[in-house]
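The following exercises concern the aromatic contacts, a helix and a pocket of one protein chain. Each task is followed by a solution in steps.

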Amino acid sequence: MEAAARRRQHPGAAGGAGAQPGASFLQARYIPFFLILFIYFSGCFTPTKAESSAPGVALLLVMPSGLYYWYLVTEGQIFLLFIFTFFAMLALVLHQKRKRLFLDSNGLFLFYSFALTLLLVALWVAWLWNDPVLRKKYPGVIYVPEPWAFYTLHVSSRH
């Protein structure tokens with residue numbers, strides 16, 4: 001009975017027989033997405049420093065993009081995949097910089113969005129670090145609670 005209640009709690013929750021697909025399957029669904037983002041990012045380099053700037057309007061869109069990726073990373077429980085992609089992007093930037101290639105505006109937008117996402121995830125984890133119920137629900141070294149779990153635990157119970 002408890003497993004059935006847990007499955008009803010959240011669509012991605014794992015449980016016994018007949019449960020939703022496990023976390024590893026859910027994470028595997030995002031591998032093509034992040035792979036395509038990385039391939040796209042690898043083509044966002046230019047030899048001239050002058051072309052390596054983002055317009056002001058694009059910088060305004062970094063916030064909604066970062067929020068979208070934050071929700072994707074936290075709700076999808078794909079932090080490891082995200083951080084691996086971010087560090088691969090960072091390594092590529094450093095490697096291309098040695099070749100005197102710079103990120104163009106599209107690459108800067110994607111890199112800034114990922115950097116903002118990393119900051120938001122870090123703030124999210126720091127904010128909920130001492131929450132005993134969420135700590136019990138998400139045990140282990142990597143603690144990234146889902147927004148839906150936070151909502152059902154703390155926000156919806158107030159209504």
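**Exercise 1.** Is W127 buried or exposed?

*Solution.* The model is a predicted one. The relative accessible area of W127 is 56%. Exposed residues are those over 50%, so W127 is exposed.

**Exercise 2.** Determine which of the classes stacked, tilted or edge-to-face fits the pair F41 and F111, and locate the two residues in the chain.

*Solution.* A pair of aromatic rings is described by the distance of the centres and the angle of the planes.

1. By the pairing rule, the count comes to 17 aromatic pairs.
2. In one of them, F41 and F111, the ring centres lie 6.3 Å apart and the planes meet at 25°. Planes under 30 degrees apart count as stacked, so this pair is stacked.
3. F41 belongs to helix α3 (residues 31-42) and F111 to helix α6 (residues 105-127); with their positions 70 residues apart, the pair links distant parts of the chain.
4. F41 is buried at a relative accessible area of 0%, and F111 is buried at 14%.

**Exercise 3.** Classify the pair W124 and W127 in the same manner.

*Solution.*

1. The ring centres of W124 and W127 are 5.8 Å apart, with the planes at 55°, so the pair is tilted.
2. W124 and W127 are three residues apart in helix α6, which separates them by about one helical turn.
3. W124 is buried, at 9% relative accessibility, whereas W127 is exposed.

**Exercise 4.** Which residues form one aromatic cluster with F41 and F111, and over which rings does R135 lie?

*Solution.*

1. The cluster that holds F41 and F111 also contains F33, F34, F45, Y68, Y69, F82, F86, F87 and F114.
2. R135 lies over the face of W129, at 4.0 Å from the ring centre, and over the face of Y143, at 4.3 Å from the ring centre.

**Exercise 5.** Compare the span of helix α5 with the expected value, and identify its buried residues.

*Solution.*

1. Helix α5 (residues 79-98) has 20 residues; at 1.5 Å a residue, 28 Å is expected.
2. From first C-alpha to last, α5 reaches 29 Å, close to that expectation.
3. Buried residues of α5 are F79, L81, F82, I83, T85, F86, M89, L92, V93 and Q96.
4. Just after α5, R100 adopts a positive phi of about 65°.

**Exercise 6.** What is the volume of the second largest pocket, and how do its lining residues divide?

*Solution.*

1. The volume is about 200 Å³.
2. The lining includes Q27, V73, F79, K137, Y138 and V144.
3. The lining residues divide into eight nonpolar, two polar and one charged.

Terms used:
Residues are numbered from 1 along each chain as its sequence is written. This is a predicted model: local features need pLDDT of at least 70, side-chain atom pairs count only at pLDDT 80 or more; totals for chains, interfaces and linings use all residues. Side-chain values use heavy atoms; hydrogens and water are left out. On a 1 Å grid over the protein atoms alone, a cavity is a set of points where a 1.4 Å probe fits but cannot get out, and a pocket is an open set with protein on both sides within 12 Å along at least five of seven lines; lining residues have an atom within 4 Å of a point. Grid points are joined across faces, edges and corners, and a volume is the space filled by probe spheres set on the points. Ala, Val, Leu, Ile, Met, Phe, Trp, Tyr, Cys and Pro count as nonpolar, Asp, Glu, Lys and Arg as charged, and the others, Gly among them, as polar. Rings of Phe, Tyr and Trp (its six-membered ring) pair if their centres lie within 6.5 Å; planes under 30 degrees apart count as stacked, over 60 as edge-to-face and the rest as tilted. Helices (H or I, at least four residues) and strands (E, at least two) are DSSP runs, numbered from the N terminus. Buried means under 20% relative accessible area, exposed over 50%, partly exposed in between (1.4 Å probe, protein chains only). A charge sits over a ring if NZ of Lys or CZ of Arg is within 6 Å of the ring centre and within 35 degrees of the ring normal. The expected span of a helix is 1.5 Å times one less than its number of residues.
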